Every structure is written in structure tokens, then in C-alpha cells.
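Q: Could you take me through this structure one feature at a time, giving the general idea before the particular case?

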Amino acid sequence: MSNENLITDEIRARLERDDRVPHPAEVAVSERHGAVILRGSVGTLHQRRAIVKIARAVPGVLAVEDELGIDPRDRWQDNEVRGAALQALMSTDAVPADRIDVTVSNAWLTLKGEVKHPYENDAAFEAVSALPGVGGITSEIKVITAG
């Protein structure tokens, strides 16, 4: 068995064991000289990021090319996604939710507003990235610092 097969087999095995990946068979994995390509469809941005992280963690992987598409299986209405996103922002202590608004168009979230610290911007992105029905996120949050 070649080293390339060992790497792809290990990535596939890890995807099968990970609860964050509900449909691992929908992810195609190829590898050549330590460079992994991931193709297929996943249900959320959170799943996509988890799969890339899993692939990067396999010994021998030097680079990961993410060609995964997001196809929310249980298509939520945009207003439902917006409500869930606003709730997630309000429930996260590191996010000044009163300073961030969310718009949703075809499952794509846009975060807008102003925060005082970069970690607040990061926390807002993290808070909404795991939500079901999110096809992608654009952050237009501005970090405004005094001085």
C-alpha cells in the first residue's frame, strides 16, 4: 500500500469516527505528495471547517485544498437563520450583540456592526458558523479602537 493510500485511508477513517461529520461518504479525499484535496458537499460551514481540520491533523499531510461545497440539507428559511444567528450572538458573552446585526440572503449571513476588540469579531463569527442552515458568512464588522 502506498503512502498516499495510507493518508487518504486515515483521513476517511477519522471522518467516519467524528460526530461533527454526519455524512462522511459525501466527502471525496485525494492526496499526492502530502497535498490533500477535499471535494464534495457538506451541510454547514462548521462541518466544512471540521473536515479541513481533521485532514490537516493526519501525519504526512503538508497542505489541504478545500473544494467542499455547502449544501444545507434541511433548507431553513432566511428569517429562521437570522433569528438563530441573533440568538447565538446574544448568548455569547464575548459578543456585544447590541452592536452587531445580521442579514441573510439564500442562507448566506452577513454580519455588520462595530466592535472594540478583534476577539469580539472572531467570537461573533464563531457563534454563527456552527448554526444549521448557514451556507456561508461574510463579516463586515469593523473593529474600532480608541487612539
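Q: Which residues does Ile-54 touch, not counting residues up to four places away in sequence?
A: Contact means heavy atoms within 4.5 Å. With residues up to four places away in sequence not counted, Ile-54 touches Arg-14, Leu-15, Asp-18, Arg-20 and Val-21. This is a predicted model, in which local features need pLDDT of at least 70 and side-chain atom pairs count only at pLDDT 80 or more, whereas totals for chains, interfaces and linings use all residues. Residues are numbered from 1 along each chain as its sequence is written, and side-chain values use heavy atoms, with hydrogens and water left out.

Q: In which helix does Ile-54 lie, and is Ile-54 buried or exposed?
A: Helices (H or I, at least four residues) and strands (E, at least two) are DSSP runs, numbered from the N terminus, and Ile-54 lies in helix α2, which covers residues 45-56. For accessibility, buried means under 20% relative accessible area, exposed over 50%, and partly exposed in between, with a 1.4 Å probe and protein chains only. Ile-54 counts as buried because its relative accessibility is 7%. As for separation, Ile-54 and Arg-82 are 28 residues apart in sequence and, C-alpha to C-alpha, 29 Å apart in space.

Q: How is the sheet of three strands ordered, and which are its edge strands?
A: Two strands pair if DSSP finds at least two bridges between them. Here the three strands form an open sheet in the order β1-β2-β3, with mixed pairing. The edge strands are β1 and β3 (63-70), each of which pairs on one side only. From one strand to the next, the twist averages 10°, where axes are lines fitted to C-alpha atoms, for helices over the stretch in contact, and angles run from 0 to 180 degrees between N-to-C directions. Strands β2 and β3 run parallel and are joined by eight bridges, and Ala-35 has Ala-63 as its bridge partner in β3. Helix α2 packs on this sheet, touching β1, β2 and β3, and its direction makes about 160° with that of β3.

Q: Which residue in the loop between β1 (27-32) and β2 (35-42) should I look at for its phi, and what is that value?
A: That loop holds His-33, whose phi is near 55°, a positive value in a residue other than glycine. His-33 is exposed, because its relative accessible area is 62%.

Q: Where does Ala-107 lie, and is Ala-107 buried or exposed?
A: Ala-107 lies in the loop between β4 (100-105) and β5 (108-115), and has a positive phi of about 70° although it is not a glycine. Ala-107 counts as buried because its relative accessibility is 2%.
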